[in-house]
Amino acid sequence: MKVSRAVGKGLAVTHKGWPSIVVLFVFYSIIRYLAVPKEEIPPYWRSSGDWSLLFILVAFSIVGLSYFWGGVCAFARDGITEDKYRLKTFFGNCSRYFIRELCLTLIIGVPLWLISVITIALLGGAISLLDENLFTGVVLGAASLILFILCVVFAVLSSFSWTIMVADDQGIFKPIAKSLLFAGERFFRIIGFCALLFVIIV
């Protein structure tokens, strides 16, 4: 199925899942309501309590999205064939796939987070050393660029793992391997589609 046709199919059945959309909207609104006041405080003025609340909200978001995403992917799988998609079915699928979704998020997310932290640290070091030691600054900058590219490539290649896990009702590691193969064969088309979405949203 072509990307344009897949998007059209998705839009055609989205209205069936409006209860799950409402649930996701409420969840996101609560997170943003609690997080925005703390985000407006400059990092160097935040107290330990502010940082603790932000950390709790991030952890709660990861757990919450891992819970809801199983229901969303199951709706994407079943919504085309079913005339009605009840909220009870949505939460049932959320509970069914929650542990596997959370494990996938941790297995894929932790390496991405570590690479991102190292990339930012190298970039910061490169900027701070440009005036004192140009060569070292350039080397650190090049290293941060390479890590950034690797991070993007890994994120794209593994991005279908959650969907494949629910679509094929499999364990944790097979969906990752299938995602790497699936996205690898369509890498540039996926990048182009993501760029198009980014332009539309911005």
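These are my notebook entries on one pocket and one helix pair in a predicted model.

**Entry 1: the pocket**

I looked up the second largest pocket. Its volume is about 370 Å³. I then listed the residues that line this pocket. Ile62 is one of them. Thr105, Leu106, Ile108, Gly109, Val110, Leu112 and Trp113 also belong to the lining. Ala155, Ser158, Ser159 and Trp162 complete the list.

Next I asked which elements give two or more residues to this lining. They are α4, residues 87–129, and α5, residues 134–158. The most comes from α4, which gives seven residues.

I also sorted the lining by residue class. I got eight nonpolar residues and four polar ones. No charged residue is in the lining of this pocket.

**Entry 2: α2 against α4**

I stayed with α4 and turned to its packing with α2. Two packed helices are described by the angle between their axes and the distance between the axes. I looked up both. Helix α2 spans residues 18–39, and its axis comes within 8 Å of the axis of α4. The two axes cross at roughly 60°. Angles of 65 to 115 degrees would count as roughly perpendicular, and those under 35 degrees as roughly parallel. The pair therefore counts as oblique. The crossing of α2 past α4 is right-handed.

Which residues make the contact? From α2 I noted Pro19, Ser20 and Val23. From α4 I noted Leu87, Phe90 and Phe91. By class, the contact of α2 with α4 has five nonpolar residues and one polar residue. I found no charged residue in this contact.

Key
Residues are numbered from 1 along each chain as its sequence is written. This is a predicted model: local features need pLDDT of at least 70, side-chain atom pairs count only at pLDDT 80 or more; totals for chains, interfaces and linings use all residues. Side-chain values use heavy atoms; hydrogens and water are left out. On a 1 Å grid over the protein atoms alone, a cavity is a set of points where a 1.4 Å probe fits but cannot get out, and a pocket is an open set with protein on both sides within 12 Å along at least five of seven lines; lining residues have an atom within 4 Å of a point. Grid points are joined across faces, edges and corners, and a volume is the space filled by probe spheres set on the points. Helices (H or I, at least four residues) and strands (E, at least two) are DSSP runs, numbered from the N terminus. Ala, Val, Leu, Ile, Met, Phe, Trp, Tyr, Cys and Pro count as nonpolar, Asp, Glu, Lys and Arg as charged, and the others, Gly among them, as polar. Axes are lines fitted to C-alpha atoms, for helices over the stretch in contact, and angles run from 0 to 180 degrees between N-to-C directions. Angles under 35 degrees count as roughly parallel, over 145 as roughly antiparallel, 65 to 115 as roughly perpendicular and the rest as oblique. A crossing is left-handed if the near helix is turned anticlockwise from the far one by less than a right angle, and right-handed if clockwise. Contact means heavy atoms within 4.5 Å.
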